[in-house]
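Student: I would be grateful for a close look at one part of this structure. Please treat the packing of a single pair of helices in detail, and then place it in its wider setting.

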Amino acid sequence: MNGLNHLFLTVGPARFRLASSWQEPLDQLASLYKTYPASYDDYADFTVRLEPEKPWRRFVRPSVHISGDYWLPDAAPLPLSQSLLAAEMGMNLQMALGWRRHLLLHASSVEKDGKALLMTGLSGSGKSTLSAMLAEKGWRFMGDEFALLNPDTGMVHSFPRLISLKNEAIAAMQAILPINRFGPMMKGTPKGDIRHIIPPLNAVNRMKETAKPALLLFPRFGYDPVLRDMGKSEVFVRLTQASTNYVALGETGFRALTRFVDTVPTKAMDYQSGEQAEEMIDSLWSKLP
Amino acid sequence: MSQLYRAATPNKLIQHPLDSMTLIFQKSSGITHIVADPVPAILEVMAEDTVTADAITHRLSAGFDLEESADAADIVLARLVELCSLGLVEQVDGG
């Protein structure tokens, strides 16, 4: 990888090597991840490469092509101003396609008293924003993108990457967090406006601590507030859709997911504001066994 | 002569009941099937035997709350055809 600049990042159990033709995105990442553990041996589970689409595009209208150990052929290049998004997408992609040590659930997670609340749903459901909000209200943030389910123990492992806020969620969190917790504002990305938040320090310091899954929610933002019971079959099917490696794990994944569905209480939660969601969550949480 | 059927051996499948549905994980393919009644019951009464559809219907009426009738036989046959296409049951020659 001659000619590339390098940065090593550790997020939960996963270790990444980021290699980039440009130094700026790595400096940006190093600054946002400065509280995370440093690499002591330059080992990495995955490599993410940020390189020019064509050699001259390093200088002329620079555009970042994402590649790595695992990649999608149709990943479109991004302008250099969005290289932080490219790096985050690259890391997510490696996890989604390559991680085998845990069952990956596309879910946010927060912890209290050793128990984890998981929130999963489609993009725009508010799972990421809710996890960021709860992280400021006494919960430990464990991740806004992937919950890692240990197939041997049934415990949830933390993967506390930068929190990715989209569109309206950015202003909502800017109202309650200091500016030094935010990354750069990236407007007009393929996912809309994006701004990252650095997770609270305790989320990073305690990222090796696991939690027992205690409640699963399917939040849906923008509907009249209601909690709905869900059948286990529906939960199972939706979680197979929310997992990027369920099929790859085979019987291990099946046993991990059936145990999860059998033991973790689940509700669908419609809500119209963060405060409303917090009240509903607190009420559900207080009634858990 | 009636067609004979045989279910995949139980050690090649993991059955896991959930509310109204049952999951069947097929170890050979890694595929998870989600099935409703009477499929789990059909697989149960087939056990490891080589049997006809009529014999399955008879066993179901004996062991489960299912009246033996032409309708019941049609339902069992339709499910057997589906199970064959999924690879959970196979047709056996020589019946």
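At what angle do helix H2 (residues 53–63) of chain B and helix H3 (residues 70–86) of chain B pack, and how far apart are their axes?

Tutor: The model is a predicted one. In it, H2(B) and H3(B) pack at an angle of about 120°, and their axes are 9 Å apart. An angle over 145 degrees would count as roughly antiparallel, and 65 to 115 as roughly perpendicular; H2(B) and H3(B) are therefore oblique to each other. Their crossing is right-handed. On the side of H2(B), the contact is made by B:Ala53, B:Asp54, B:Ile56, B:Thr57, B:Leu60 and B:Ser61. H3(B) contributes B:Ala72, B:Ala73, B:Val76, B:Leu77 and B:Leu80. Sorted by class, the residues of this contact are eight nonpolar, two polar and one charged.

As for the wider setting, chain B is also in contact with chain A, through 12 residues of each chain. On the chain A side, helix H6 (232–242) and helix H8 (251–263) each supply at least two residues. H6(A) gives the most, with five residues. The side of chain A that touches chain B comprises five nonpolar, five polar and two charged residues.

Chain A is itself divided into domain 1 (5–98) and domain 2 (103–161 + 199–286). The centres of these two domains of chain A are separated by 26 Å, taken over C-alpha atoms. Contact between them involves 12 residues of domain 1 and 13 residues of domain 2. Helix H2 (residues 83–98) of chain A provides the largest share of the domain 1 side, six residues. That side has eight nonpolar, three polar and one charged residues.

Technical notes. Residues are numbered from 1 along each chain as its sequence is written. Chains are lettered from A and ligands numbered from 1 in the order in which they are written. This is a predicted model: local features need pLDDT of at least 70, side-chain atom pairs count only at pLDDT 80 or more; totals for chains, interfaces and linings use all residues. Domain bounds come from an automatic or database domain assignment. Two residues are in contact if their C-beta atoms, placed from the backbone, lie within 7 Å. Helices (H or I, at least four residues) and strands (E, at least two) are DSSP runs, numbered from the N terminus. Ala, Val, Leu, Ile, Met, Phe, Trp, Tyr, Cys and Pro count as nonpolar, Asp, Glu, Lys and Arg as charged, and the others, Gly among them, as polar. Axes are lines fitted to C-alpha atoms, for helices over the stretch in contact, and angles run from 0 to 180 degrees between N-to-C directions. Angles under 35 degrees count as roughly parallel, over 145 as roughly antiparallel, 65 to 115 as roughly perpendicular and the rest as oblique. A crossing is left-handed if the near helix is turned anticlockwise from the far one by less than a right angle, and right-handed if clockwise.
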